[in-house]
Amino acid sequence: MSKRVRVRFAPSPTGGLHLGGVRTVLFNYLFAKKHQGDFIVRIEDTDQSRYVPGAEEYIFDTLRWCGLEPDESVQHGGNYGPYRQSERKAGYRQYAEQLVKQGHAYYAFDTPEELDQVRKATDKNGEGHSFQYDHTVRMKMRNSLNLLESEVQQLLNAQTPHVIRIKMPENETVSFTDMIRGEVSFETALSDDKVLLKADGMPTYHLAVVVDDHLMEISHAFRGEEWLPSAPVHILLWKYLFGLNSMPQWAHFPLILGPQGKLSKRDGAKYGFPVFAMNWKDPKTGEFTEGFKEKGFIPEAFINLLALLGWNDGTEKELYSLDELAEEFTMERVHSSGAKFDFEKAKWFNHEWIKMASPDRLQEDVKRFLGEGGISVTDDSYLAKVIGLVKERCTLLSDFVQQTDFFFRAPAVIDQEAVKPKWSEAKKEFFQTYAAQLQTTGEWNAEHLEQLFKETAAEKAIKPGELQLPFRIMLVGGKFGPQVFQIAELLGKDETLARIQHALPLFE
RNA sequence: GGCCCGUUCGUCUAAGGGUUAGGACACCACCCUUUCACGGUGGUGAUACGAGUUCGAAUCUCGUACGGGCUACCA
């Protein structure tokens, strides 16, 4: 019997969640659901200098909007807490000390300033990175490998600021099986001696991720490809601390790329598409980044498009609900190569989901957008009818503003130029007659209105087609919207007549 | 620079030794609609390059090129 599936998403609260981040959440979530496992969110806030107030809340708000609720987290509780690494601070040191005792790590007293100097000195106008704190230089630095034991003890007793670094083996090959990429291997000699415990007593990501994955009994550790190069450090820590047998299985997701390489939040402003899941304003810099939610995406579509960026089930199916995804998802079918994000395709997904959604489902979202567009809705059942009529021509929720505006208030502008060139006295007479008929008719539905329209047109010997555009302009103000008689039906008798009367003189 | 990962239409991808290399988005044309869309039909368009293995390679191997990631007391 294999152990229970437990996966985690481990964001650091430093800002908004971008596409790649949400997809990492999604794949974790899907894998957990598929295997009846647990999905945990652990906040990795070990770097106090990068902490951004509000970012943690934002993350949970985003997950809620996406419908990806964690089973355990800061907000959801659970038996493996605390779920915030800063609150687990006291626990990490013992593991680092254990490594020192085992000879796999050591105390280092070099200050950040000293290291900076060495880096600058070594990096003689090359493109940097010639200095690494690794096995080739560690015997020249100020650390417990090098200093006398008494000196080390003295420094420690005097509370001299220090870090604990891993002592990377000098010639070992570390390899592991990535669920997506297969066998991956690294030479340990090429990696530097990463800091495990910082001078402020906080662990770095490397120590914390291993310790917490162990303590939280994580069975599968998934993260973005940017972590692949540091995997050997983590494998080594697992080996030294808890044994390779209890190590989770790894998978590194391909990156989501922007038009020119790595997707950055700046791409959003530059190319006109959102990068974050929801609007985010950095409280420190004031920098604003647009979100998919506010751009007019519905979460069903957002999830769907993210899932298909790097995964497919091998069939030609493209539209999946969250439940279907959880059913079909397998890690083996996740790609190993990065995917460039295509906003046009993203919009297509949204359009498809809006078309599939019921007016009820869309009601609240549409109302939110209409409100922002200055349209207030008082009659929900009227709104539902309107939504049903126009939703298939809306790609983004924001499109509902233009598509429904004229249902709630008379058009502010009448596109007279669309009518004037072909306007005639006969057409004017037609509308006068038609208006009079509408006034007295007892029946008010699209079919009847159309029938009446055609009959009257025939009497006046005008092709009905030539009259439809003017009628549309009167009711809508422009050349758009659903079938014109359906519009009139929803508008009702009084409003329809008022708009005809208002527009008629404008065509002279 | 070093290390790691990757490379099929413009983009997302299917095809895990034998197919006219399939689909979707986008684009173009036509049809439907006397609005704008939806929808329908058709079209343009790809295996990075070079060797090797094989009767046969998009698929396996190697090299080259290109792309990306990492190289902090950041995650």
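**Asking how we know: a protein and its RNA strand**

Me: In this predicted model, which residues come nearest to RNA strand B?
Reply: Of the 63 residues around RNA strand B, the nearest are Arg-181, Lys-198, Glu-318, Arg-393 and Lys-479.

Me: What makes the link between Gly-310 and RNA strand B a polar contact?
Reply: The cut-off is a pair of N or O atoms within 3.5 Å. A backbone N or O atom of Gly-310 sits 3.1 Å from a phosphate oxygen of the strand, so the pair counts.

Me: And why does Trp-348 count too?
Reply: An N or O atom in the Trp-348 side chain is 3.4 Å from a phosphate oxygen of RNA strand B. That is within 3.5 Å, so it makes the cut.

Me: Which part of RNA strand B does Arg-472 reach?
Reply: A base nitrogen, 2.9 Å from a polar side-chain atom of Arg-472. Still, of the strand's atoms within 4 Å of the protein, 72% belong to sugar or phosphate.

Me: Okay, Arg-23 in helix H1. How do you know that Arg-23 has no salt bridge?
Reply: A salt bridge needs a side-chain nitrogen within 4 Å of a carboxyl oxygen of Asp or Glu. For buried Arg-23, the nearest side chain of opposite charge is Glu-225, 7.7 Å away, so no salt bridge.

Me: What lies 2.3 Å from a polar atom of the Arg-23 side chain?
Reply: The backbone oxygen of Pro-254. Arg-23 is also in contact with Gly-310, among others.

Me: What does helix H1 give to the largest nonpolar core?
Reply: That core has 114 residues, and H1 gives the most, with nine.

Note on methods: Residues numbered from 1 in each chain as written. Chains lettered and ligands numbered in written order. Predicted model: local features only at pLDDT ≥ 70, side-chain atom pairs only at ≥ 80, totals over all residues. Heavy atoms only, no water. Core = buried A, V, L, I, M, F, W, Y, C linked by side-chain atoms within 4.5 Å. Buried < 20%, exposed > 50% of the residue type's maximum accessible area, 1.4 Å probe, protein only. Helix = DSSP H or I, 4+ residues; strand = E, 2+ residues; numbered from the N terminus. Lys, Arg positive; Asp, Glu negative; His and termini not counted. Polar contact = N/O pair within 3.5 Å; in protein donor to acceptor, adjacent residues only side chain to side chain. Contact = heavy atoms within 4.5 Å. Near = heavy atom within 4 Å. Lists of a residue's contacts leave out its neighbours within four places in sequence.
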